[in-house]
Every structure is written in C-alpha cells, then in structure tokens.
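Okay, thanks for squeezing me in. I'd like to talk through some ring contacts and a bit of helix packing, so have a look at this.

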Amino acid sequence: MEAVTAMWSMIEGALTIIPDGSPTNALDEPLASAKEFAEAMSQVKSVLVNAAGETFAKLEQTRAELQGTIQNLNDRHRSHSLILDQEIAAYVADPENDPTITGRNHPETDAYATAKVNLDLLDEEAARLALEVDLFHREMAQAEQDLADKIRNISGGDEVTRRDGSRVTTSQTAWGLYPPAAAPGPGEAPRVVSLDDYFGLAVARATAQRIEWFATATDQDLEDWLATHPDFFATVGFIPPAQAQALYDRLRSRSTQDASGIWVTGPLSALWNRAPATIGNLNGIPASVRAEFGARELERLLGESTLTEDQRARLNLIDKELGKGSNVLSLFLDGDGEVRGSLFVGDLDAAGQIITVTHGIGTDTSAMGEWGTILRDLQRESAQQLDQRGITSGTAAVLFMEWDSGEWNTVQGMREAVLGADREAALVSGMRRVNPTAWQEGWAHSLGTTMVATNQAHNRGIFDHLTLFGSAGVTDGAATKLATQIEDDTVSVSAASSWLDPIAWMGRTDLSTHPVDPKTIPGVEEIGAHGGVVENYLTADGHPVVGMSTQGHNAGASTEMLYRLHRAPYWTLGLIPEDSVGYLDPRSESFLQAVADYAERAEERQ
C-alpha cells in the first residue's frame, strides 16, 4: 500500500481525475449501462430460444424428411440401374451384337425397357425433389437472415467510440470492411464484403505489395524469401484484374526498354531478370506482355539446378509447344512442386472470339503433348470455319492447365473442381479486362466439365457458351443455375457423350456429388459423338464432311489399350487399330460439329 501511495504522490500533480457527476452518483452511469447490457443479452437469449424451438425445429424436421426421401430415391434408382447394367453387359458380351453394325449398344428386352422407363420416372421424381431441396435451402437462408435482423436491432450498454468521438460500427470491428486501412485513398472507398471475399482481396493486396518489394530487394533477400514461399507465383493470378493492371502500369511508368523491347532499367528490368513470373502470371495485363515474361520464366526455371527430373521433363514439354507456335499465358510451380500453367494460340488481346479449353481427371502438364496438339487443332479449325464464312474478327484459343484435376479415386468429389473453377475464373476475368468485347467460350473434357460448370454457376456470365465433352457430371445446384442462365440467354450450352465411353458415367453415379448429366439440363443442345455427317461444316469444295465416332473417354487420339479395344471388330485382339478417336480429335464428329456450331454462333452475331 505504501508503494501505491508513493506512486500516486508522484503523478498527483500531473493529472486530475474528474468523476462524471458528484462522488455520490459517479457509478450511476456505468451501473445503468451494465443493466441495459444485461437486458439486451436477455432479449438475444429470448430470440435464440424462440428460433430454436419453432423456426429451426421445423426446418430440422423438413431436412430429416428430405434426407429420407433422397435415400429412398437413391435405393430405387440403384436397383433399376443394376438391372439396366446387367442387361447391357449381357448384350455387349455377345460378339454378334457389334454396335457399329447394329447401331445400338443395348438390348431390346422387356427387362431393359421396363428398367429404362422406371429410371426415366425416377429422374422426373428427382427433378421435383431438387426443387424441394432448393426451396428448403431458401427457407433456411431466410430464417438465418430473419434471426440476424432481430439480433441486430437489439441494443444496450456502452457505445464504443473512436478517439475523435465518432461511432465505431460492427463492419469496422470485424471481418468485412475492405480495404482495412482507415483512409483507403482517393477513389477507393471502403465497402462491406463477405469474409471469403475479404480474405481474397487481402491476399491480393499483400501479393501486389510483395511484387513491388521484389523490384527493390537484394538478390539474397529475394532468394531467401522465395525459398520459404515456394508457391508464391501461384498466388499472383488471384490479384483482381483491375489491381493487376494498375500494378503493371505503375511498374511500367518507372521502367524503360531498349530498341529490341528488352526492359533495361526500373522495376520491370529487375523483375525480368529475377522474378519474371510476377508479371507473367498477372491476370488483367496484355497477353503479349505475359507471353514475353512467361517465356523468360520458363528459361529461368530450366536453368535451375534444383529441379527434379519430372519437373524438368514437363517444362521441356512446354518448351516444345512454344516451338510449335504456342505462347505462355501463365507458368508456376504449385505448393506440391507440380508444374502448372496455361498456353495460348492466336491474338488473345484483339481476337473477336476466345475459346478456353481444359482437361479432365488424372491429367496434368505431363500430357502437354496431347493437349498442345488439341489447342492448335482447335484454334486452326475454328479459324478456318470463320474464314469460310467471311468472318475476319479472329479466334484465339487458350489451354488451361493451372488446376489439379485429382485422380480416379477423387472423381466423385468436388474439391478439385471448386479450386479449379476459382483459378479459371481469375484467368478468364483477366482476359475480359484486356479484351472486353471478345466472345468467351469454355470447352472442357471429363471432370473439366464439372469444373467449368461450377465456374459458370459461381460466376454468372463468365463464359458466353460452354461445350462439354464426356462429362463427369455437374452438381444439382450448378444444373439449376445453368438452366436459369440458359433461359435468360446469359449462356448457351452444348454437350457430347459417346456410348463407347466406359468412364464418364463413373462421375455421375448416385454416390457422386455431381450426378447430373448436363445433357438432361433444359436448354442444353446435344452434339453427336457416334459418327456421321457434320452439319454446317463448310469446305472449299462444298462436299459434306463425315466425322468418326468417339471410341472411348480419351480427349485426343489415344494409343491406350482401353480405348483402342473398342475399335477392334468383334473385339478381336489381332484387329486392334493403332489408336482410338477422342472427343477433341479433329477426326471425330463431336469435335468437328462443335467447331461448326462455334462458327455458326459467330455468324449469328454478325
């Protein structure tokens, strides 16, 4: 106590404590505040108890009923599907039932016909159930909103103020206000965003600041930092296009080029020599700039002595594609050390039409040879069809290989598709920023169709048209949103699947999180994949073009035994051909028809 008395005597003359009111009522105000706060908490408790006992109790009962209905529907669907599969298996096992001769891959038995009818009825029942589930989700969301509104209107207790006396709102003391700075600067007013968006914007802001630091840091500091953040270059693409463009403009204004176009002074010169991926991976700047920095990053990576044999092999495959006319749009090693990136062919910054194509399950840059060929074939054939129609606006094609599509054991999940959709959305948004008038199409194969449909569902209008090959299915929610976007002309969708594809259906089973065949979505146009005359495919001599049947799940021409076996007459091993025609093989009906339809859409817009 003596120590306290001594300390008080030291500061007694330095400040004066003035109670609010007389000494007898100095505690009245805090007492009243505490009482108000207790009353407010009592009101909150009452609101929560009422919601739990009434509104949410009814919603819980509804959810339980829906779960029971879904389980029952799945059991019946599984039972009839088993009958259907057994009938088809027995039919296919008979060598006399060659689909190329009979024109069908299923029997005409009563059991097959009955199972097919029952499955169709169950599909209609599932569609009605999907509407009920969607209604339940809406009721749940509304109940949560009502609860939040009731709690938000409850007040009581002390009012927190800033140093200057102004009020502090909830949005300023919790996640939600972006940017986080108190004075964001001219033209950048704070806005309330979701926690997910806040995190993304904050990461983008930090990434942009780090890039500017790269230009001034010492070589050793840069090397040390990158050693502890190996996946940084994979993050660059998530800087919003407007911020990316502003960042590049700032760096360019402080840099100079020589006569050959090489950056020789300023921050871009430093980044060119030390970290070219920081510019090459920016979504929202010209593709011509990205291609230069991307090629430089490829050169830098190939000069690294720490690369694994697999990494070097994949980078060499990309280098070969550059020698065949492709350009780097993005290039990075992800957190697992996997080589990821995107290539493009054509004038991406000025083309009137852009097609972004992507792969499916179990595919990565080790398949760059096959997919690089698909990219060039797609750009060449689509450009030729525009030329045949006298359309001069041009076509550019992009190969999107920045995402991890997982392996066969993950085909029925959604993690890979959702992450891939986010990255593809960032890429396409950047292209729209640079070339806002271009018509954007998203083409995809296998699980890539799940990913691109998720992208379109999450980012309304990101693409103007989708073409889906050998789909592994889409979620119920994505199917509903696609149907809505088709109905209001936000997007159009085409889909192709082959009866000789033994793989795609595995992604659409009842146990899958994305069981919907996109061909069943209202408004989706089906593209033939079974071989035949290609409609509206124009040639110089005017002769009709006949496309071949897609003979497996493969995207391009495949030499894998699984797909070649389908082409052997009567499945005779000695008659197996050298390769199998894929969905995006320029010999296939599905590819040629998709290209012809693409050109028809362009002609309709003229």
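So, Phe-214 is buried, because its relative accessibility is just 1%, and buried here is under 20% relative accessible area, exposed over 50%, partly exposed in between, using a 1.4 Å probe and protein chains only. Before I go on: this is a predicted model, where local features need pLDDT of at least 70, side-chain atom pairs count only at pLDDT 80 or more, and totals for chains, interfaces and linings use all residues. Residues are numbered from 1 along each chain as its sequence is written, and side-chain values use heavy atoms, with hydrogens and water left out.

Okay, which ring does Phe-214 pair with? A search of the whole structure turns up nine aromatic pairs, and in one of them Phe-214 meets Trp-225 edge-to-face, 5.7 Å centre to centre with 70 degrees between the planes. For the cut-offs, rings of Phe, Tyr and Trp (its six-membered ring) pair if their centres lie within 6.5 Å; planes under 30 degrees apart are stacked, over 60 edge-to-face, and the rest tilted. Phe-214 sits in helix H6 (residues 195-214) and Trp-225 in helix H7 (residues 219-228), 11 residues apart. Helices, by the way, are DSSP runs of H or I with at least four residues, numbered from the N terminus. Trp-225 is at 16% relative accessibility, so that one is buried too.

The neighbourhood goes further: Trp-213, Phe-214, Trp-225, Phe-232 and Phe-233 make up one aromatic cluster. And Arg-210 puts its charged end over the ring of Trp-213, 4.7 Å from the centre; the test is NZ of Lys or CZ of Arg within 6 Å of the ring centre and within 35 degrees of the ring normal.

Next up, Trp-272 and Phe-293. Their ring centres are 5.1 Å apart and their planes at 80 degrees, so that's edge-to-face. Trp-272 is in helix H10 (residues 267-274) and Phe-293 in helix H12 (residues 287-302), so the pair ties together parts 21 residues apart in sequence. Phe-293 is buried at 0% relative accessibility, and Trp-272 is buried at 15%.

How do H10 and H12 pack? Their axes are 8 Å apart, at an angle of about 40 degrees, which makes H10 oblique to H12. Leu-268, Trp-272, Asn-273 and Arg-274 of H10 meet Glu-292, Phe-293, Arg-296 and Arg-300 of H12, where contact means heavy atoms within 4.5 Å.

Terms used. Helix = DSSP H or I, 4+ residues; strand = E, 2+ residues; numbered from the N terminus. Axes fitted to C-alpha atoms, helices over the stretch in contact; angles between N-to-C directions. Parallel < 35°, antiparallel > 145°, perpendicular 65-115°, else oblique.
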